[in-house]
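Me: I am new to this structure and would like a close look at a single part of it. Please take one residue, place it in its helix, and then show what surrounds that part.

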Protein chains: 2
Amino acid sequence: MARAAAAIAKRPLPVTARGQRTRQKILDAAEQVFGELGYHQAGIAEITQRADVALGTFYLYFPDKHAVFADLVRALNYRLRKEIQIAIADVDDRVDQEVIGFETFFRFVERHRNLYLTMAQAQAVAPELYRWHYETLARGYARGLKDAQAKGQIAADLDPVTTAYALMGIAEALGMRWMLWDQRLPAGIARRSLRKLVEGALRPRQGRR
Amino acid sequence: MARAAAAIAKRPLPVTARGQRTRQKILDAAEQVFGELGYHQAGIAEITQRADVALGTFYLYFPDKHAVFADLVRALNYRLRKEIQIAIADVDDRVDQEVIGFETFFRFVERHRNLYLTMAQAQAVAPELYRWHYETLARGYARGLKDAQAKGQIAADLDPVTTAYALMGIAEALGMRWMLWDQRLPAGIARRSLRKLVEGALRPRQGRR
DNA sequence: CTGAGACCTGAATCAGTATTCAGGTTCCAC
DNA sequence: GTGGAACCTGAATACTGATTCAGGTCTCAG
């Protein structure tokens, strides 16, 4: 229970390579198990078994179940942002960036099916972290949109934050529909529709005002 | 565990008014508790306490914890669709329908803060139901979009299903951001941006093809 | 009135599982 | 080679909380 203040006695990070490897094995197993079963169904026993270490070893690296989960959310957030940043880096039209960002996200979801379940669980298990995840993403996103507005690439009268959340919502919904349910990117019509939606939404209207 | 086939021994619905009232009290309490604490933190004891009935009474109306939860998800889905249908009924431009649908959704979220947590939990607790929830919404949504295309109100080259999921994603993301986090609808700029996004995305492009 | 459904009660049971702990084992600097 | 960090082990503990059940209480048709 004791979810008290900052405290949450961290365990010291392993110093030797062996220890680091073990910690990582646990983290990887945890991603699997949490993603498959959800936070509460996931048992420490199951995690350590898949990580191929003894039960007690878990508590060498994490003070409790909640802690691995938190680490996981942070790691997922970090990797996701990183991958998108890299993918987008040397594209200069914002709409193109958008489309590439989406595809990168979809591919990320493909490699981390568990992302959705993990984040969904986070909403109940670690609300602050959950919110942090989206705010973090939104912050960067909104910044990018503002820059694009300055360059006249997208409509100037859109609120960047609102737009950022809207676009994240689209990514999430289609990521679920396509990558989790269908398990693959859809045929051309759907993909092209996505681009048209984004383009229509963002591009400055020709004639208008 | 026994999540076996259809079976799931339903308890007979109450026949007397008293029984119906009690069942409903439990259902209402359950919505609160699941929404506040999440599926696993929610205890039957807490639910029955808030419903002001004894622990055992719960099992008179629901075979187990899972069953109330499922009922809840179905009820939420039903009410949501109903409210939006009604709100939209006598609006004839699809973009207007869209905007009104969004606002209706936001107000629904305001009255059912717990909707998000409940659905998030559903992803782990009752995946079939979770998916059913979105597919149900999407089906109706896509139908509406197709009709609007037939009337030339929105671009003909958009895939209705893709568009439906994209719009649901936007609603969800902004509902979370505005109604759950800020706890109120935002000022004009943001609201107007939403309309512009939707309008830009859906309306047939003037010049093009 | 009255008795048979229909409802309601809450202490007791019981299974699952997070966490602890009392010892090993590895590894390498000296 | 060896002592002490740094790691690792897994049975035992402790507790939480869903579900059961033996026995009331209400209510209204006849």
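Reply: A helix here is a DSSP run of H or I that spans at least four residues, and helices are numbered from the N terminus. The model is a predicted one. With that in place, Trp181(A) belongs to helix α8 of chain A, which covers residues 160–182.

Is this residue buried or exposed? A residue counts as exposed if 12 or fewer other C-beta atoms lie within 10 Å of its own. Trp181(A) has 12 such atoms within 10 Å, and is therefore exposed. Setting aside neighbours within four places in sequence, Trp181(A) has contacts with Met176(A) and with Arg131(B).

That second partner leads to the other chain. In the contact between the chains, 35 residues of chain B meet 35 residues of chain A. On the chain B side, the elements giving two or more residues are α6 (114–125), α8 (160–182) and α9 (188–202) of chain B. Of these, α8(B) gives the most, with twelve residues. By class, the chain B side holds 17 nonpolar, eleven polar and seven charged residues.

Within chain A, a helix pair can be described as well. Helix α4 (residues 65–88) and helix α6 (residues 114–125) of chain A have axes that come within 11 Å and cross at roughly 125°. Because of that angle, α4(A) is oblique to α6(A). Their crossing is left-handed. From α4(A), the contact uses Phe69(A), Leu72(A), Val73(A) and Leu76(A); from α6(A), it uses Leu115(A), Thr118(A), Ala122(A) and Val125(A). Seven residues of this contact are nonpolar, one is polar and none is charged.

Key: Residues numbered from 1 in each chain as written. Chains lettered and ligands numbered in written order. Predicted model: local features only at pLDDT ≥ 70, side-chain atom pairs only at ≥ 80, totals over all residues. Axes fitted to C-alpha atoms, helices over the stretch in contact; angles between N-to-C directions. Parallel < 35°, antiparallel > 145°, perpendicular 65-115°, else oblique. Left-handed = near helix turned anticlockwise from the far one by under 90°. Contact = placed C-beta atoms within 7 Å. Nonpolar A, V, L, I, M, F, W, Y, C, P; charged D, E, K, R; others polar. Buried ≥ 20, exposed ≤ 12 C-beta atoms within 10 Å, placed from the backbone.
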